[in-house]
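Student: I am new to this structure. Please take me through one part up close, and then show me where empty space is left inside.

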Amino acid sequence: MNQPTHSDITPAQFELSDRQRLSWLRLYRSENVGPATFRDLINHCGSASAALEMLPEMASRSGGKRSIRIASLDDVERELEATTKFGARIIGLGEPDYPYLLRYTELAPPLITVMGNSSALNRPSISIVGSRNASMVGIKMAQQLAGALSESGHVIVSGLARGIDRAAHEASLENGTVAAMAGGIDQPYPPENIALLKDIIASGVGCAITDKPFGWEPRARDFPRRNRVIAALSMGLIVIEAAQRSGSLISARLANELGRTVFAVPGSPLDPRSQGTNNLIREGATLITSADDVLESLKPVSEARQHAVQNQLGLFEKEEFMTLPPSDDARTTIVSLLSPSPTGIDDIIAHSGFAPAQVALIILELDLAGQIERHSANRVSLLGTGDR
């Protein structure tokens, strides 16, 4: 089977060959290659193996100060072997077991590692997040909601953290729960939830998911990316006890950006742990006090949203493709339009007058050279902090 082209990577399901899986892993584990960059490289080069050959030249054209680090074949072979021995497997975007809802979201990881029953990723699901330092009231609420929603046939998705996450996982253990991880599949955090993760896998109906390499110890900046996965895997996200500037509010923002329904459980205005959830309600999140509230809210919109997701098939098939490098003048113009503030690529195309494929290639080269950061909503910035 040939390497999937840009049209294969999105609409059609396929099985990666062993050679293709290694090429995809090498590309995704290479320096400056995040989900969006991976997608753009496949779109432009046609295959992961071709992209690997072109990486050094493309990075150097936009001012890369040193040679880009490309993952070696030995490194990814060791990762694949370690992952398999651990009892997990690596699934590519477009393969049958890749999560359906995650697949059609912006910045979907091209490769994920899954351990446990992967069918849980494609069952109807609801995400639950909240305070790590949860009150007993918050924990009981998480248990009640997760238990009832689980019994109604929904998989519960959460982040394996202390407090609300742990309560949600435990209450849905028998019917199916998904733990989204910020580190490698062998690096659960916090350590006290290792036994819980083992229970999720042993249940036979749940699983763990990550896009990080085997052995990767989670860092603070890895958690927002995990939060995006939590938000993407479900049609709705419930927030229970969230202080201002908490990770749970990041999950809520990401869920809103992805078009998911955000639910919030109200709390005492005297408790700082409820300030975030109360603010979410004030800003338009759906107030809930029971599982029935959630099910009633999701029922009329679920089919419409599934249809909208299906209509995104072929998203990348209509793009133009360019084989010649852009001119220095074109590159200078595009760079001049960028700033530390996120700028929409569509706006850059409209203002510059260059062909979309030309702008896309310049952005790709700048990304590989480490000159820009990617953000949600197809935006980029110079030397900023984005969603890599």
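Tutor: Start with helix 7, residues 136–151, in this predicted model. Its 16 residues should span 22 Å at 1.5 Å a residue, and its end C-alpha atoms are 22 Å apart, so the two values agree. Now look at its buried residues. They are G138, I139, M141, A142, L145, A146, G147, L149 and S150. An α-helix has 3.6 residues a turn, so residues three or four places apart point the same way. Keep that in mind as you read along the buried set. Just after helix 7, G153 takes a positive phi of about 105°.

Next, the empty space. The structure holds three cavities of 30 Å³ or more. The largest has a volume of about 60 Å³. Its lining is made by M181, A182, I209, T210, D211, K212, D222, R225, R226 and V229. Two elements give two or more residues to this lining: strand 6 (207–210) and helix 10 (223–232). Helix 10 gives the most, with three residues. By type, the lining of the largest cavity has four nonpolar residues, one polar and five charged.

The second largest cavity holds about 50 Å³ of space. Around it are G159, L160, A180, M181, A182, G183, Q187, P188, Y189, P218, F223 and R226. This lining divides into eight nonpolar residues, three polar and one charged. Compare the two lists: M181, A182 and R226 line the largest cavity, and they line the second largest cavity too.

How values were computed
Residues numbered from 1 in each chain as written. Predicted model: local features only at pLDDT ≥ 70, side-chain atom pairs only at ≥ 80, totals over all residues. Heavy atoms only, no water. 1 Å grid on protein atoms, 1.4 Å probe; cavity = no way out; pocket = protein on both sides within 12 Å on 5 of 7 lines; lining within 4 Å. Points joined across faces, edges and corners; volume = space filled by probe spheres on them. Helix = DSSP H or I, 4+ residues; strand = E, 2+ residues; numbered from the N terminus. Nonpolar A, V, L, I, M, F, W, Y, C, P; charged D, E, K, R; others polar. Expected span 1.5 Å × (residues − 1). Buried < 20%, exposed > 50% of the residue type's maximum accessible area, 1.4 Å probe, protein only.
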